[in-house]
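Subject: Structure handover

Hello,

The structure we discussed is below. My notes on it follow.

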Amino acid sequence: MKYTKLQLDALKEVINIGGGHAATSISKLVAKKINMDVPEVRILSYHELYTEVLADSVEVHAVISRIIGKYGGEILFVVPDGAFNKLAELMLGSPHNNEALKTSAVSELTNIISNSFLGAIGNLLAVQLQSTLPVIQDDYFGAVISSAYMALDQYDEQIMVIRNEFTYAKERLEMSLFLIPETGVIDGIVKSLGI
Amino acid sequence: MGTFIYDEQAKIGGLSHIMLPDSRPFVDRGLLNTAKFADLALPEMVAGLRRRVPEANLKAKIAGGANMFNFSTLSENGDVGQRNVRAVEETLSALKIPLIAEHVGGKSGRTMIADLNDFKTMVRVVNCKIVYI
């Protein structure tokens, strides 16, 4: 994987626009101000991912959906336990003990983020992108992330990590969004941006 | 997918973590990480064990091979989890190492920890009871 700094910056900007729209749509939904950090676009080995981003042994809630349209891939949300409750509360307006209800609320939240994220990127690139209904899995981060890349037949030592983090009322929501493109998609995006 | 190969008498053992069944489709990709492929990693580990104990009476335990996300981009040979299990079993059989125990398949990832003092092998799955194989 070799991209110039300019290409990675352009890609980061595309993701920034997508994430910005996503943050706005959650803000509207919950009537609270949600911000998004500058996205991270890096090529990392699994080892670096586990030491610099999140340890492979952390238990997480994973919500994953397939991206369909001109550029295929997956959109993966990784939510640690504590953040999961906070997100559910944000959606439901008050704390709840009903696990099924919380799971459904967080799943719906990620659905909204996915689609506004993809809608904004699609607009920018003049293509149509949609996500399929999400699959939810509780597992170790290492198992989740490697399975997500391998489900797209990506077996390389190094992976392109495209990640967004959201904040709410100065508190980190610790929900990471990973965009996992099919092979060749990044080249296609870079090309369509004309750089 | 984890493979523990050991000999209790000789007090020796090795643990391998592979991700793929077969290195052959990747030979033109330059330098391969042999530890990642069932067909390369297991013979290499066994050779390492036999260098220390040539007469070792080796046995194996395996865990892993889950298929978490079923997006069916997959080949007719089954998902990569299933193919890993099959490849490890075939490689062990070619190396004439009996498979003593396994904990494979399903949808959840596993952590495998082998203890070289008592050769107990712990398998942990999220939200499940720890099992020893």
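Is Glu165(A) buried or exposed? Glu165(A) is buried, since its relative accessible area is 14%, and the cut-off for buried is under 20%. Please keep in mind that this is a predicted model.

**Salt bridges in chain A**

Glu165(A) is a good place to start, as it takes part in a salt bridge with Arg163(A), where the closest N and O atoms are 3.3 Å apart. Through shared partners, salt bridges join Glu165(A) and Arg163(A) with Glu40(A), Arg42(A) and Glu52(A) in one network.

Arg163(A) has a relative accessible area of 13%, so this residue is buried as well. Its side chain also meets that of Glu40(A) in a salt bridge, at 2.8 Å from N to O. That pair links distant parts of the chain: Arg163(A) belongs to strand 7 (residues 158-168) of chain A and Glu40(A) to strand 2 (residues 40-45) of chain A, with the two positions 123 residues apart in numbering.

Glu40(A) has a further partner in Arg42(A), and here the closest N and O atoms are 2.7 Å apart. How do the two ends of this bridge rate for burial? Glu40(A) has a relative accessible area of 19% and is therefore buried. Arg42(A), with 29% relative accessibility, counts as partly exposed, because the partly exposed class lies between the 20% and 50% limits.

Over all chains, the search of the whole structure gives nine salt bridges.

**The interface of chain B and chain A**

How many salt bridges are counted between chain B and chain A? The count is zero. Polar contacts are found across this interface: three residue pairs qualify, both residues of each being at pLDDT 80 or more. On the side of chain B that touches chain A, helix 2 (80-94) and strand 6 (121-125) of chain B each supply at least two residues. The residues on that side divide into nine nonpolar, six polar and five charged.

The contact involves 22 residues from chain A and 20 residues from chain B. About 2000 Å² is buried between the two chains, and carbon and sulfur atoms give 61% of this area.

**Aromatic pairs**

The count of aromatic pairs over all chains is eight. One of the pairs is Phe26(B) with Phe37(B): the ring centres are 5.4 Å apart and the planes are at 45 degrees, so the pair is tilted. Both residues are in the loop between strand 2 (12-17) and helix 1 (38-52) of chain B, 11 residues apart. Phe37(B) is buried, with a relative accessible area of 2%, and Phe26(B) counts as buried at 11% relative accessibility.

In chain A, ring pairs link Tyr46(A), Tyr50(A), Phe141(A), Tyr149(A) and Phe178(A) into a cluster.

Regards

Notes:
Residues numbered from 1 in each chain as written. Chains lettered and ligands numbered in written order. Predicted model: local features only at pLDDT ≥ 70, side-chain atom pairs only at ≥ 80, totals over all residues. Heavy atoms only, no water. Salt bridge = Lys/Arg side-chain N within 4 Å of Asp/Glu carboxyl O. Buried < 20%, exposed > 50% of the residue type's maximum accessible area, 1.4 Å probe, protein only. Helix = DSSP H or I, 4+ residues; strand = E, 2+ residues; numbered from the N terminus. Contact = heavy atoms within 4.5 Å. Buried area = accessible area lost by both parts, 1.4 Å probe. Polar contact = N/O pair within 3.5 Å; in protein donor to acceptor, adjacent residues only side chain to side chain. Nonpolar A, V, L, I, M, F, W, Y, C, P; charged D, E, K, R; others polar. Phe/Tyr/Trp six-rings, centres within 6.5 Å; stacked < 30°, edge-to-face > 60°.
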